[in-house]
Amino acid sequence: MKFRKKPVVIEAFEVHPDDGLTRQLPPMWLIDAMVCNPQIVVPLPCGGLDIKTLEGVMRANVGDWVIQGVKGELYPCKPDIFAATYEPA
């Protein structure tokens with residue numbers, strides 16, 4: 001049997017270097033996660049994030065995407081996978 005993924009609109013944020021000049025502020029859903037659940041999303045000195053997921057702690061490096069799933073869960077996604085899977089809504 002073959003299956004197709006249902007079309008779902010997600011929120012996503014591309015992780016940028018924390019250089020203070022070109023840094024894009026994270027969206028409110030990610031800021032809320034860092035403030036309200038600091039054990040879930042941990043900012044790293046390198047500009048990346050450690051994210052606690054159901055599969056364990058996963059790292060979102062600079063250039064990766066952080067996705068908020070349909071149930072509010074957060075997880076990192078490599079840019080090539082993101083580009084192959086998602087398009088602007």
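In the predicted model, the largest pocket holds about 520 Å³ of space. Its lining is formed by 18 residues, and those nearest the centre of the pocket are Val-8, Val-9, Ile-10, Thr-85 and Tyr-86. Two elements of secondary structure, β1 (11–14) and α2 (79–85), each contribute at least two residues to this lining. Classified by residue type, the lining of the largest pocket comprises eleven nonpolar, two polar and five charged residues.

The second largest pocket encloses about 240 Å³ of space. Its lining consists of Ala-33, Asn-37, Ile-40, Lys-52, Thr-53, Leu-54, Glu-55, Met-58, Gly-72, Glu-73, Leu-74 and Tyr-75. Strands β3 (49–53) and β6 (74–77) each provide at least two of the lining residues. By class, six residues of this lining are nonpolar, three are polar and three are charged.

Among the residues that line the second largest pocket is Thr-53, which is located in strand β3. With a relative accessibility of 12%, Thr-53 falls under the 20% limit and therefore counts as buried. The side chain of Thr-53 lies 2.7 Å from the backbone oxygen of Gly-56. When neighbours within four places in sequence are left aside, Thr-53 is in contact with Met-58, Leu-74, Tyr-75 and Pro-76. Of these contact partners, Met-58, Leu-74 and Tyr-75 also belong to the lining of the second largest pocket.

Charged side chains were examined next. Two salt bridges were identified in the model. One of them joins Arg-59 to Asp-50, with a separation of 2.8 Å between the closest N and O atoms. The two partners are assigned to separate accessibility classes: Arg-59 is partly exposed, at 45% relative accessibility, whereas Asp-50 is buried, with a relative accessible area of 17%.

Another salt bridge links Lys-78 with Asp-64, and here the closest N and O atoms are 2.9 Å apart. Lys-78 is situated in the loop between β6 and α2, and Asp-64 in the loop between β4 (56–60) and β5 (65–68), so this pair ties together parts of the chain that are 14 residues apart in sequence. Lys-78 has a relative accessibility of 39% and is therefore classed as partly exposed, while Asp-64, at 4%, is buried. In both salt bridges, a partly exposed basic residue, Arg-59 or Lys-78, is thus paired with a buried acidic one, Asp-50 or Asp-64.

Asp-64 is also one of the contact partners of Cys-77, a residue placed in strand β6. Cys-77 has a relative accessibility of 9% and accordingly counts as buried. Beyond residues up to four places away in sequence, Cys-77 touches Asp-64, Trp-65, Ile-67 and Phe-82. Trp-65 and Ile-67 lie within the span of β5 (65–68), and Phe-82 within that of α2 (79–85). The C-alpha atom of Cys-77 is separated by 9.3 Å from that of Arg-59, a residue 18 positions away along the chain. Arg-59 is the residue that forms the salt bridge with Asp-50.

Terms used. Residues are numbered from 1 along each chain as its sequence is written. This is a predicted model: local features need pLDDT of at least 70, side-chain atom pairs count only at pLDDT 80 or more; totals for chains, interfaces and linings use all residues. Side-chain values use heavy atoms; hydrogens and water are left out. On a 1 Å grid over the protein atoms alone, a cavity is a set of points where a 1.4 Å probe fits but cannot get out, and a pocket is an open set with protein on both sides within 12 Å along at least five of seven lines; lining residues have an atom within 4 Å of a point. Grid points are joined across faces, edges and corners, and a volume is the space filled by probe spheres set on the points. Helices (H or I, at least four residues) and strands (E, at least two) are DSSP runs, numbered from the N terminus. Ala, Val, Leu, Ile, Met, Phe, Trp, Tyr, Cys and Pro count as nonpolar, Asp, Glu, Lys and Arg as charged, and the others, Gly among them, as polar. Buried means under 20% relative accessible area, exposed over 50%, partly exposed in between (1.4 Å probe, protein chains only). A polar contact is a pair of N or O atoms within 3.5 Å; within protein, one must be able to donate a hydrogen and the other to accept it, and residues adjacent in sequence count only if both atoms are side-chain atoms. Contact means heavy atoms within 4.5 Å. A salt bridge is a side-chain nitrogen of Lys or Arg within 4 Å of a carboxyl oxygen of Asp or Glu.
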